[in-house]
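Work through the exercises below with the sequence and the coordinates open. Each task is followed by a solution in steps.

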Amino acid sequence: MTGPTTIRDHSGPNIARKKRGARAKLRAMHSGDNTPRSAKLRRRLKRAPWALAAVSVAAGSLGSCAPGQTSDDVRGWSYQTNLKTNPNFTRVNAALLATSERMRKALAQEEGMRLTVYRDVAGYPTVGIGHLVRPEDGLKVGDRITREQAMAFLAQDLKTAEQAVVDVVGDLKLYQHEFDALVDLAYNVGEGTLSESESPDLNRAIALADYTGIAEELDYRFAGGRIAGGLVHRSERRAQIFLEANYADVRPG
């Protein structure tokens, strides 16, 4: 006696063929990255870093940074971040800004830290991180200060430079890196140099909201009536910060 009739399942080969066909389609899709459509998408994505940043923020973290940014700049950001009020992506009122940590590091690298009062290239008594000694400091060439005093001078001088920038730009909105570059200018040459009488072209560019024109006025290379190599490099770095948000040292090597 034979058992129950068994019906042979012929779907196996068909399923295998379908799977092979699906894998072939996937391979074709992956190998089609150079198609006009794929190339167009890549170009659009390359031109839209802010859109990528917004998508990343919406997902919970910022996976795409602006040019020149580092992970330190965006640590702690979350989906609550509003790119419309973030100075790394949107120009905002200068009064809302303070010198970034990257600018502080670049400034310290340019100035160095010296705890003994010396004369700078223009002959002015200087100490700490490029602090111009004032009568109220009670210091003279050869005197020593502590690291804590040097950092206190830095905080004080940055506050003065920041206010000078706020005063000169008025209602002109700035990115963080543009603000930083102008702070470096005020810190390096003195807040008075940004005035209308001392820097008419800079003030004219600000009045016209001519950001390229502002960048052209960040050049300051004379000390004591002569060109100083250190100031040349610093001016190049300052313009680089303003235009590209790139804080890297420009000196050869």
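**Exercise 1.** Which residues of the largest nonpolar core touch the most other members?

Solution. The model is a predicted one.
Step 1: the core has 35 residues, and those that touch the most other members are Val165, Val169, Leu174, Leu182, Leu194, Ile214 and Phe242.
Step 2: two or more residues each come from helix H5 (101-111), helix H6 (147-169), helix H7 (176-189), helix H8 (200-207), helix H9 (211-216) and helix H10 (229-244). H7 supplies the largest share, eight residues.
Step 3: take Phe242 and set aside its neighbours within four places in sequence; its contacts are then His177, Glu178, Ala181, Leu182, Tyr211, Ile214, Ala215 and Leu218.
Step 4: there is also a second, separate core of six residues, including Val127, Val133, Ile145 and Phe153.

**Exercise 2.** Find the buried residues of H5 and state how they are arranged around the helix axis.

Solution.
Step 1: the buried residues in H5 are Arg102, Met103, Ala106, Leu107, Glu110 and Glu111.
Step 2: viewed down the axis, the buried residues of H5 lie within an arc of 155°, so they line one face of the helix.
Step 3: the general background is that an α-helix has 3.6 residues a turn, so residues three or four places apart point the same way.
Step 4: just after H5, Gly112 has a positive phi of about 75°.

**Exercise 3.** Identify salt bridges that H10 forms with H5 and H7, and classify the partners as buried or exposed.

Solution.
Step 1: the whole structure contains nine salt bridges.
Step 2: one of them joins the side chains of Glu111 and Arg234, at 2.6 Å from N to O. Glu111 belongs to helix H5 and Arg234 to helix H10, 123 residues apart. Both Glu111 and Arg234 are buried.
Step 3: Asp184 pairs with Arg238, with 2.8 Å between the closest N and O atoms. Since Asp184 is in helix H7 and Arg238 in helix H10, this pair ties together parts 54 residues apart in sequence.
Step 4: buried means under 20% relative accessible area. Asp184, at 4%, is therefore buried, and Arg238, at 1%, is buried as well.

**Exercise 4.** Which residues are joined with Asp249 and Arg251 into one salt-bridge network?

Solution.
Step 1: the side chains of Asp249 and Arg251 form a salt bridge (3.2 Å, N to O).
Step 2: Asp249 is partly exposed at 34% relative accessible area, and Arg251 is partly exposed at 28%.
Step 3: through shared partners, salt bridges join Glu110, Arg237, Asp249 and Arg251 into one network.

Notes. Residues numbered from 1 in each chain as written. Predicted model: local features only at pLDDT ≥ 70, side-chain atom pairs only at ≥ 80, totals over all residues. Heavy atoms only, no water. Core = buried A, V, L, I, M, F, W, Y, C linked by side-chain atoms within 4.5 Å. Buried < 20%, exposed > 50% of the residue type's maximum accessible area, 1.4 Å probe, protein only. Helix = DSSP H or I, 4+ residues; strand = E, 2+ residues; numbered from the N terminus. Contact = heavy atoms within 4.5 Å. Arc of directions from axis to C-beta. Salt bridge = Lys/Arg side-chain N within 4 Å of Asp/Glu carboxyl O.
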